[in-house]
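Student: I have this model open and would like a close look at one part of it. Could you walk me through that part and what surrounds it?

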Amino acid sequence: MSDAMRAATVTSFGAPLEVKEWELPVPGPGEALVRVLTTGVCHTDLHAAHGDWPVRPEPPFIPGHEGVGEVVAVGEGVDDLSPGDLVGNAWFWSACGRCEFCRSGWETLCPQQKNGGYSVNGSFGDHMLVDATYAPRIPAGADPVEVAPVLCAGVTVYKSLKTTEARPGQWVAISGIGGLGHVAVQYARAMGMRVVAVDVADDKLELATRHGAELVVNARSEDPVARIQDEIGGVDGVVVTAVSPAAFSQAIGFSKRGGTISFVGLPPGDFATPIFDVVLKGLTLRGSIVGTRQDMAEALDFYARGLIHPTVTTRELGEINDIFDEMEHGRIDGRVVIEY
Ligand code: NAD
Ligand code: ZN
Ligand code: ZN
């Protein structure tokens, strides 16, 4: 093992990433060093590289939080991971384990949490560190390319669907059929729900149909609220993954009386909320952020049972700036996965 690694690095916000050498990190107590095999590219990595959000990481840093790899060394006190084990990193990289949120099943809200590819270096490098207590375990037999998007896109939309409290047989709308949304269609179907897909591009809607959406609506060429209300009388749950504040306001209109809208997308900005509709229709508006270790284990189990097949294109690390450019312009079908 040489003592250097290569990683796509954010050196300043908004600048192209640079593939640079870093010193190979040494796993501290409770950590493991992982040789990365694959990593998905999430739109969050693009927000990170642009410094889009109020809380920013500190350049230079290595994005990436859908990494899959093989443990090569473990730090002091690690007794449940050994070299050769397959693990992932995730946005939810670690938490304090002691606060009110950690104690009550809401560890993803821990104020002390660390985030992969943001506050801790991530999987856009050929090696990465993980926290042995928090790193997702990759199920035996998983394809390292296909499973990568489950580690963020999969767990996030699975948790978000759960928070809508929609039941089997009910309709949900998935707004935004990108990396997250195309997997959301599959989770919703596997959970027994009926799916309306909304996007602004017809090729994204074709992808949704292939993955099991029964109704698709192009929000650029028609009014999605009128169409969904006319056709099926509204939906019981909405998952908004669209990277557009306008989609957040529209989603409120998709909902049936008593419905729940779960916001997942993170475009910078605000959106208008019609108070009268929210109150009179008794709507629940909530945010949803990734998933706990238990949500992750469940999301991976759906994959292991053959119910989830992300649409992926494999690329190389050196193409990261092209990948970001294609993502920004909505030209990616499903998810891009980098293979090392
Ligand atoms: P993506 O770029 O792959 O997909 C975004 C999709 O939104 C595209 O298909 C695009 O065509 C569509 N879209 C754009 N404008 C739209 C509109 N007005 N109506 C409907 N669809 C529209 O991005 P992604 O990787 O799927 O991530 C989506 C968002 O979710 C990002 O903001 C990301 O940061 C966020 N995210 C949140 C969490 C969480 O836990 N809350 C986790 C992961 C990602
Ligand atoms: Zn992500
Ligand atoms: Zn905590």
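Tutor: Happy to. Please keep in mind that this is a predicted model. Let's begin with strand 8, which runs through residues 127–131, and with strand 6, residues 92–94: each of them supplies at least two residues of the lining of the largest cavity. That cavity is the one cavity of 30 Å³ or more that the structure holds, and about 30 Å³ of space lies in it. If you want to select its lining, take Gly88, Asn89, Ala90, Phe92 and Trp93, together with Val130, Asp131, Tyr134, Ala135 and Pro136. By class, these residues of the lining divide into seven nonpolar, two polar and one charged.

Strand 8 also takes us to an open space, the second largest pocket, where it provides the largest share of the lining, three residues. About 200 Å³ of space lies in this pocket. Of the 14 residues that line the second largest pocket, Pro25, Val120, Asn121, Gly122 and Leu129 are the closest to its centre. Besides strand 8, strand 2 (18–23) gives two or more residues to this lining. Here the classes come out as eight nonpolar, four polar and two charged residues.

Now return to strand 6 and follow the chain onward to the metal. The zinc ion (ligand 3) is coordinated by four SG atoms, those of Cys96, Cys99, Cys102 and Cys110, at 2.3 to 2.4 Å. Along the chain, these donors follow the spacing C-x2-C-x2-C-x7-C. The pair Cys96 and Cys110 links distant parts of the chain, 14 residues apart: Cys96 sits in the loop between strand 6 and helix 2 (100–103), while Cys110 sits in the loop between helix 2 and strand 7 (114–115). What geometry does the site of the zinc ion (ligand 3) have? The angles among its four donor atoms are 106 to 114°, and the site is tetrahedral. For reference, the ideal angle for four tetrahedral donors is 109.5 degrees. Cys110 has a relative accessible area of 2%, so this donor counts as buried, the cut-off being under 20%.

For one more stop, look at Ser255, in strand 13 (residues 255–263). Is Ser255 buried or exposed? Ser255 is buried, because its relative accessible area is 0%. Leaving aside residues up to four places away in sequence, Ser255 touches Gln229, Gly234, Val235, Thr260, Ile261, Lys281 and Leu283.

How values were computed
Residues numbered from 1 in each chain as written. Chains lettered and ligands numbered in written order. Predicted model: local features only at pLDDT ≥ 70, side-chain atom pairs only at ≥ 80, totals over all residues. Heavy atoms only, no water. 1 Å grid on protein atoms, 1.4 Å probe; cavity = no way out; pocket = protein on both sides within 12 Å on 5 of 7 lines; lining within 4 Å. Points joined across faces, edges and corners; volume = space filled by probe spheres on them. Helix = DSSP H or I, 4+ residues; strand = E, 2+ residues; numbered from the N terminus. Nonpolar A, V, L, I, M, F, W, Y, C, P; charged D, E, K, R; others polar. Buried < 20%, exposed > 50% of the residue type's maximum accessible area, 1.4 Å probe, protein only. Contact = heavy atoms within 4.5 Å. Donors = N, O, S within 2.8 Å, 3.2 Å for Na, K, Ca; no water. Tetrahedral: all angles 85-135°; square planar, octahedral: opposite > 155°, others 65-115°.
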